[in-house]
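Dear colleague,

Please find below the structure that I am handing over to you. I would be grateful if you could read the notes that follow it with the model open.

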Amino acid sequence: MAGSGGSLSRSGLRGREAELEELRTLIASVARTGSGALTLIRGEPGIGKTTLLLEAVATARAAGFSAGLGKADELHHIVPLSSLAACVLHGDEPLLSGDTFADLARHHDRRIWLVERLAEAIEVRAGSVPVLIALDDVQWADPLSLFALKQLPARLRTSPVLWMLTGRQGPPGPVEEIVAAAGDELPTVTVPLGPLSGAAIGQLAGDTLGAAVDERVRELLDGAGGNPFLAVEMLVGLRTADASGESVPPGLVVGVRGRLRSLRPEALRFLQVGAVLGRRFGFEDAAALHGRPSATLIGALEEVVRAGLLDDDGDQLVFRHDLLRQAVYVDISPSARKALHRQAAHRLVATGHQPIDAVSHILRSAQPGDEEAVALLRRAADDVLPVTPGLAADLMTRALELVPATRPLRFDVGEQALMCLTRAGRNREALSTGDRLLAGRPPLEAIGRLQAALGGTLWNLDLAEELRRRAETALAVGGAAPEVEARLAALRALALSRSHDLGGAREAGENALRAAIAIGDREAHVLSLFGLGEIALNAGENAVALERFTALSAVDSAFLPEEIVAYQHLDDYESGERLLLRAADDAGSSREAMLLWAQAQQHLGLGRLDDAEADFVTMERLEDEVQVPVQQVNARVIRSRIALLRGDGDAARQHLAAARERLATKPNPGNTAAVRFLEAVLAEDDGDIALAVDKIRQVQQEGPFMRWRLLRTWVDSAVRMALRGADHGLAEDLAAQAEAHAERNPAVPTATGVAAQALGLLKSDLALLERSVDLLEASPRPLVRAAACADLGKALLAVGRKPQAVAVLTKARAAFAASGAHAATARVLRDLEGAGAASRRAASRQRPVQGWEALTASEKKVARLIAEGHTNRSAADLLVVSPHTVNTHLTSVFRKLSVNSRVQLANMVMALRDD
């Protein structure tokens with residue numbers, strides 16, 4: 001903060017000694033402990049945040065930190081990743097090269113992937129030196145940078161990475177969101193900057209004027225309210241005014257005006273053009289807006305730099321402070337500002353900038369009916385939709401506002417707005433916007449387009465019946481283009497996938513697919529295949545479902561998770577593993593959360609409860625990050641079942657509460673059935689059999705039990721509950737459903753084995769239970785095999801066949817124990833004890849809660865790799881898992897070992913090896 005003609009080398013730190021010492025202590029702590037931290041410097045504009053931040057960066061660099069410093073810009077706050085760019089691209093040793101960063105920024109549908117790559121780059125650097133990432137004026141951070149800042153500090157908490165952000169005081173905003181995202185996982189320090197003391201302000205005056213401060217100056221400084229920037233600007237303005245014999249009243253704008261009066265008109269005009277372009281701007285851009293060759297403006301540039309209004313870093317011109325730019329900006333007449341902003345937009349587009357770079361300018365000059373502005377907003381929305389759908393939705397909402405209701409263009413813009421709102425997860429807003437557009441009496445062809453655009457919205461909102469009604473109405477109205485009709489037909493079939501008439505749904509889907517292929521419309525093709533896959537899965541036709549999802553994945557690789565899950569339904573876990581490995585080799589998936597769902601299901605089916613739990617936790621976190629909850633209800637239901645298998649009733653009930661909460665957001669019949677079943681399981685665990693049976697009946701109110709794919713391998717539990725509750729009719733119905741499902745899937749050992757098990761339980765038929773165990777020998781699902789063995793063992797004990805009972809019960813115990821299902825193991829052990837065959841050594845030992853032995857096998861692998869110096873990415877590559885899963889394991893490792901940094905973890909692992 002240097003004014004012209006006065007040394008301010010240290011004046012910006014007057015009165016900030018305590019705050020600076022606090023930051024120095026934090027810098028030293030991060031370097032010493034090797035763990036991360038987050039600090040926020042808060043205060044009003046001009047209070048000294050930037051100066052303190054710069055001093056902290058200098059201190060960190062002197063202490064050996066690799067430091068990246070950036071500044072968010074008010075005029076560029078919507079350009080994706082613009083705020084973080086300077087933090088990782090500038091400095092003596094940039095974290096990323098410009099080409100690498102540009103490649104990251106171009107990736108579509110990869111917000112999570114992009115954050116992980118940024119984390120990897122920072123993590124690699126932090127492996128050799130501590131790192132400081134400093135961002136000034138975070139309140140203006142662009143949406144993609146803000147998304148990254150909400151993930152990265154917690155993600156890198158185990159590395160020596162210090163995040164230092166400055167932000168203005170005001171209502172809750174980006175700063176609070178970043179802090180909330182870090183939660184309790186990261187030490188967070190807030191450094192509030194209040195007004196300077198009178199003594200500090202007096203020292204500032206002496207620094208600036210170089211002379212004793214008289215009473216007139218003291219009175220003037222009272223108007224600064226302890227704000228150092230305002231004080232200095234008043235003092236510099238005072239000095240300029242004294243030179244011209246004028247008096248300068250207090251106040252920033254007036255103070256700056258006093259300095260501007262000394263500028264030649266040409267220099268003042270140049271400065272005003274710069275204020276329109278933003279705090280940082282190019283000399284050539286300013287000259288173009290000025291309407292003059294750049295060579296003729298060199299004198300004007302030199303004049304404003306000498307006046308201390310601009311700095312020239314060789315690449316761009318920079319206002320010394322945002323408040324300076326704002327003071328110059330507000331002195332430009334509103335009409336002139338609008339005209340200049342429109343010229344700035346034209347200049348940016350004409351010189352090859354992306355449309356999003358010009359949006360801030362066009363928005364400041366747009367008027368209703370401004371089709372040029374609408375066109376630019378639409379192009380910008382298209383560009384940013386893959387990485388920042390929320391921003392795209394905002395741009396299209398504004399574009400729609402600019403189009404008068406009487407213009408046909410409104411429906412084209414509206415269609416694009418609906419798509420963006422839906423992609424952003426703002427489904428309710430999309431639906432209300434669509435209904436307003438439909439109420440505007442659109443042409444017939446537009447009705448179909450709008451209803452087709454609302455298809456994804458209605459599906460996300462679980463309004464399948466409303467989707468069917470609207471699609472059928474739009475098709476009946478007619479007038480739509482052939483490709484739109486094909487999409488509407490495909491949407492109708494998708495909606496029918498949740499109906500009771502799956503035969504009719506299948507016919508509708510096949511007709512839609514033929515139409516899509518004939519027309520050659522890719523969107524209709526994808527929708528048709530997805531609908532047919534859903535119909536086949538809901539009908540229990542697993543081979544058909546695989547055929548549909550394999551075709552869908554070939555058309556659009558984003559649907560690879562559905563293909564993997566389809567293989568799992570056929571007990572083909574080898575093919576599922578092959579596809580998961582292929583996905584791991586890709587450079588990132590556009591649906592990482594769904595891939596984690598498929599990976600978790602793979603682990604669950606193969607009895608790897610610890611790894612399944614870790615993947616479900618990671619999947620839920622990723623869905624939360626992008627605010628698109630898809631599988632969270634089912635994930636919580638499964639995690640509750642895992643907790644019960646382990647004997648953790650409290651955790652099971654916590655997951656039930658979370659599942660109920662998420663059911664309110666996704667209340668589709670499948671989710672509802674899954675939650676009702678979980679309620680039945682926990683009611684049985686509490687000894688309330690009557691309630692358990694009632695909940696199973698409620699499951700069937702949503703549809704036949706075996707309709708719900710998540711529950712199909714759990715039908716044995718439902719049959720047992722029905723029998724315990726003396727509801728033989730319910731048990732008989734459940735067994736019949738399992739048998740019918742087996743008939744549809746005769747080549748799937750799990751389906752045929754579970755059907756025999758259910759019927760054997762119903763009839764107390766030992767032969768059927770033996771057949772179930774035999775059939776399930778070919779199943780890859782150890783927990784399903786163990787449950788069947790446990791049922792057979794009990795039945796054998798009941799008829800006095802103790803040796804055979806002990807053999808199958810021992811097999812069940814071993815399978816449950818190997819999966820970590822401690823409670824299930826204990827139940828089998830009780831049966832073995834009853835047979836006189838259990839030993840104390842056979843008991844399943846639960847893991848402790850803390851310490852090395854508390855870690856799962858996967859957590860130990862991750863801990864050893866990280867202790868050896870691997871990054872999350874390199875560890876993930878070696879383990880063939882997602883870096884997000886490694887992060888989940890590492891979080892658990894740090895919690896169980898009570899360590900806070902990779903250095904501490906390495907020391908602990910080394911000590912264990914020495915032992």
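The notes below cover how the model is to be read, one pair of helices and two single residues.

This is a predicted model, in which local features need pLDDT of at least 70 and side-chain atom pairs count only at pLDDT 80 or more, while totals for chains, interfaces and linings use all residues. Residues are numbered from 1 along each chain as its sequence is written, and side-chain values use heavy atoms, leaving out hydrogens and water.

Helix H44 (residues 857-867) packs with helix H45 (residues 872-879) at an angle of about 130 degrees, and their axes are 10 Å apart. Helices here are DSSP runs (H or I, at least four residues), numbered from the N terminus. Axes are lines fitted to C-alpha atoms over the stretch in contact, and angles between N-to-C directions run from 0 to 180 degrees. H44 and H45 are therefore oblique to each other (under 35 degrees is roughly parallel, over 145 roughly antiparallel, 65 to 115 roughly perpendicular, and the rest oblique). Lys861, Val862, Leu865 and Ile866 in H44 meet Asn872, Ala875, Leu878 and Leu879 in H45 (contact means heavy atoms within 4.5 Å).

Histidine 603 lies in helix H31 (residues 592-605). Histidine 603 is buried, at a relative accessible area of 8%, whereas proline 334, in helix H16 (residues 334-350), is exposed at 54% (buried is under 20%, exposed over 50%, partly exposed in between, with a 1.4 Å probe and protein chains only). The C-alpha atoms of proline 334 and serine 365 are separated by 9.9 Å.

Yours sincerely

How values were computed:
Helix = DSSP H or I, 4+ residues; strand = E, 2+ residues; numbered from the N terminus.
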